Amino acid sequence: MSETKNRTQGGPPMGGPGRGPGHHGRGMMGGKPENTGETIRRLLTYLGKDKVWVIVAVCCAILTSAATLAGSYLLSPIIDGVAETWKETRVPGADVERIVSEGTKALMLGVLLMLCVYMIGVATTYLQQRIMIGVSQRALKAIRKELFDHIQTLPVRYFDTNATGDIMSRFTNDVDVIGEMLNNTIIQLISGALSILGTVTIMLIMNVWLALLTILLVPLMIKSGGAIAKRSSKYYRSQQSALGKLNGYIEETVTGQKVVKVFCHEDKAIQEFTDLNEDLKKKQIKAQFFGGIMGPVMGNLSQVSYSLTACIGGILCVLKGFDIGGLTVFVNYSRQFSRPINEVAMQVNTIFSALAGAERVFSVMDEEPEKEDAAYAVSIVEESVEKGPENGSAGTKHFYRIPKKNAIAESGNFMENVVREDEQYYYKEVKGAVTLTDVTFGYNPDKTILKHISLYAKPGQKIAFVGSTGAGKTTITNLINRFYDIDSGAITIDGIPITELERDSLRRNISMVLQDTHLFTGTVRENIRYGRLDATDEEVEQAARTASAHSFIVHLEHGYDTMLEGDGANLSQGQRQLINIARAAISKAPILILDEATSSVDTRTEKHIEKGMDRLMAERTTLVIAHRLSTVRNANAIMVLENGEIIERGDHDDLLAQKGRYYELYTGLSELD
């Protein structure tokens with residue numbers, strides 16, 4: 001069994017699917033923001049990509065605010081006109097019919113003008129909403145793409161130490177709450193600021209003393225809102241973190257449902273879910289409470305302001321001749337003055353959720369990607385080979401393209417194997433010779449996994465690794481792929497250190513068949529072609545034949561066009577592994593790694609594919625991690641590992657003759673731990 005199944009010997013902390021219930025994805029905890037201003041600035045940069053449309057939306061917001069202010073201001077002459085008409089009709093001998101007729105016309109004109117102004121406000125509000133929805137959705141698309149693109153650059157270590165469900169929460173919950181804020185809140189903040197500025201200006205013009213009375217209550221409102229917001233933001237960050245952990249637990253429990261049922265852990269899973277759900281509930285209650293009381297607190301303070309303004313304004317009407325129409329408009333402006341503040345207060349839930357979500361998204365974006373390729377890194381190029389008497393058929397060859405500025409181009413023995421050169425590069429044919437020299441490595445600084453490992457695999461050779469779980473077998477293959485960088489020593493392919501190779505070139509020329517199969521949603525043909533996207537249908541079917549998968553594929557409902565979903569849930573474990581092997585077979589990579597690839601295949605099927613696998617491995621350097629020792633009898637060399645060291649090496653017969661650990665394992669005198 002591979003040590004990926006059990007890291008008790010000091011492997012990386014496991015995350016994502018398969019970790020089993022009880023591991024709640026603690027790798028991404030929420031915390032206090034280091035710089036909320038920076039988070040807001042980064043969010044605004046995504047809106048800046050639609051700068052023109054944002055400006056148009058802001059202009060619409062200005063017109064909406066202006067229409068609201070103007071509509072309210074028009075109420076004053078209408079009320080004063082009605083009051084004046086009423087006074088004139090009370091004068092003895094007045095022509096009441098004429099006065100009423102003229103007053104009615106003036107009233108209708110005023111109402112019609114107000115209607116036109118408000119219709120402009122409605123139209124600009126509609127345009128503002130439509131524009132901002134488009135802008136926000138384009139911003140979210142850019143955020144999701146940048147997040148997904150960055151995740152592709154992160155090292156394997158990141159996924160080993162962070163729960164898959166919590167990573168998924170960044171794309172769903174966190175991005176969704178950002179979208180809610182971008183859709184409405186930003187423009188509401190702008191519109192609110194404009195409304196406050198316009199309202200204060202008009203109020204000062206109408207009556208300075210009443211205006212000052214209204215403004216004096218603002219600091220109290222701000223202080224109250226600030227105190228609530230401070231508590232609310234903390235709880236919203238905790239809420240988003242708890243939500244991410246709950247999603248992570250749900251994802252891993254659903255993925256590992258068979259394991260849950262096999263070990264009868266349904267009650268345990270329910271209890272652990274209940275604990276996480278309860279934790280989320282408590283944090284949501286606190287977050288929603290402090291977010292929810294913001295509106296009522298601010299609303300009641302605005303009512304106090306409104307009442308004081310109305311009372312003192314009424315006194316001014318009696319004692320100072322302040323007209324009733326002016327008072328009506330002024331108290332209306334007093335209410336409008338607090339309305340934008342109340343709206344912002346009601347948006348506090350969205351704002352703090354979005355900022356907490358944005359911080360979580362940006363925390364992933366800020367994770368260090370895999371180290372960049374070395375300067376003047378070596379790449380691998382593919383060149384067509386014409387049909388001829390020597391090669392028999394048309395095909396391709398792979399060459400290392402080494403920049404002449406690369407340090408290894410000046411090394412001693414390197415030039416002997418160079419095929420050709422041009423002004424910039426040396427070209428050396430890819431063979432697939434793998435060498436490890438005195439390699440030492442540990443996933444954690446305080447725990448060494450591999451200790452001074454040295455081995456080599458010549459082109460076309462089959463090298464097998466056997467040993468107990470945690471001995472370091474899979475770790476060696478991880479290092480060859482540069483999923484992790486070694487602590488000391490050297491790993492070379494055809495004499496070129498893998499640190500000097502472009503990562504894409506390195507991994508494109510190593511094909512892997514893992515013990516844990518993974519099939520994507522798509523057809524059988526598409527899943528096999530995943531090993532080489534430019535493969536023809538004929539090459540796909542040939543790869544399936546090589547892996548002995550063709551016979552069962554053609555009996556599927558739609559053959560190679562059968563859709564696979566749920567990680568190939570409609571196939572048996574053995575069939576999924578055969579497709580996985582066919583995916584490796586279609587690759588032209590000169591190096592093949594089999595990590596207990598046949599452990600999920602029954603003995604009969606294993607025998608059936610041996611010849612096909614031999615054909616697959618014939619022209620490749622093959623590294624095999626084996627659980628069944630019978631599968632490595634024909635290996636050129638077998639490495640027996642224990643505690644990160646090679647304790648025995650040789651072919652099958654040599655190791656049996658040594659009568660050591662391999663002999664004990666093969667003869668059944670002892671078993672793998």
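The following exercises treat two sheets, several salt bridges and one surface patch of a predicted model.

Residues are numbered from 1 along each chain as its sequence is written. In this predicted model, local features need pLDDT of at least 70, side-chain atom pairs count only at pLDDT 80 or more, totals for chains, interfaces and linings use all residues, and side-chain values use heavy atoms, with hydrogens and water left out.

**Exercise 1. Determine the strand order of the open sheet of four strands, and state which strands stand at its edges.**

Step 1. Helices (H or I, at least four residues) and strands (E, at least two) are DSSP runs, numbered from the N terminus. Two strands pair if DSSP finds at least two bridges between them.

Step 2. The order is E6-E5-E8-E9, and the pairing is antiparallel. Strand E6 (450–457) and strand E9 (496–497) are the edge strands, since each pairs on one side only.

Step 3. Five bridges join E5 (residues 434–441) to E6 in the antiparallel sense. Phe441 has Leu450 of E6 opposite.

Step 4. Helix H14 (residues 473–480) packs on this sheet and touches E5, E6 and strand E8 (488–493); contact means heavy atoms within 4.5 Å. The direction of H14 makes about 115° with that of E5. Axes are lines fitted to C-alpha atoms, for helices over the stretch in contact, and angles run from 0 to 180 degrees between N-to-C directions.

**Exercise 2. Describe the open sheet of six strands and explain why one side of each edge strand is left without a neighbour.**

Step 1. The order is E10-E13-E14-E7-E15-E16, with mixed pairing.

Step 2. Strand E10 (510–513) and strand E16 (645–650) are at the edges; each has a single partner strand, so one side of each lacks a neighbour in the sheet. From one strand to the next, the twist averages 20°.

Step 3. Strand E7 (residues 462–467) pairs with strand E15 (residues 637–642) in the parallel sense, over five bridges. Ala464 is placed opposite Ile638 in E15.

Step 4. Helix H19 (residues 573–585) packs on the sheet and touches E10 and strand E13 (591–595); the direction of H19 makes about 175° with that of E10.

**Exercise 3. Analyse the salt bridges of Asp485 with Arg503 and of Asp537 with Arg525.**

Step 1. A salt bridge is a side-chain nitrogen of Lys or Arg within 4 Å of a carboxyl oxygen of Asp or Glu. The whole structure holds 24 salt bridges.

Step 2. Asp485 and Arg503 meet at 4.0 Å, N to O. Asp485 lies in the loop between H14 and E8 and Arg503 in helix H15 (residues 503–508), 18 residues apart.

Step 3. Buried means under 20% relative accessible area, exposed over 50%, and partly exposed in between (1.4 Å probe, protein chains only). Asp485 is partly exposed because its relative accessibility is 27%, whereas Arg503 is buried at 7%.

Step 4. Both residues belong to a network of salt bridges that links Glu370, Arg482, Asp485, Arg503 and Arg507.

Step 5. For Asp537 and Arg525, the closest N and O atoms are 3.8 Å apart. Asp537 is in helix H17 (residues 537–546) and Arg525 in helix H16 (residues 524–529), 12 residues apart. Asp537 is partly exposed at 33%, and Arg525 is buried at 12%.

**Exercise 4. Is Leu112 buried or partly exposed?**

Step 1. Leu112 belongs to helix H4 (residues 96–153).

Step 2. Its relative accessibility is 48%, so Leu112 counts as partly exposed.
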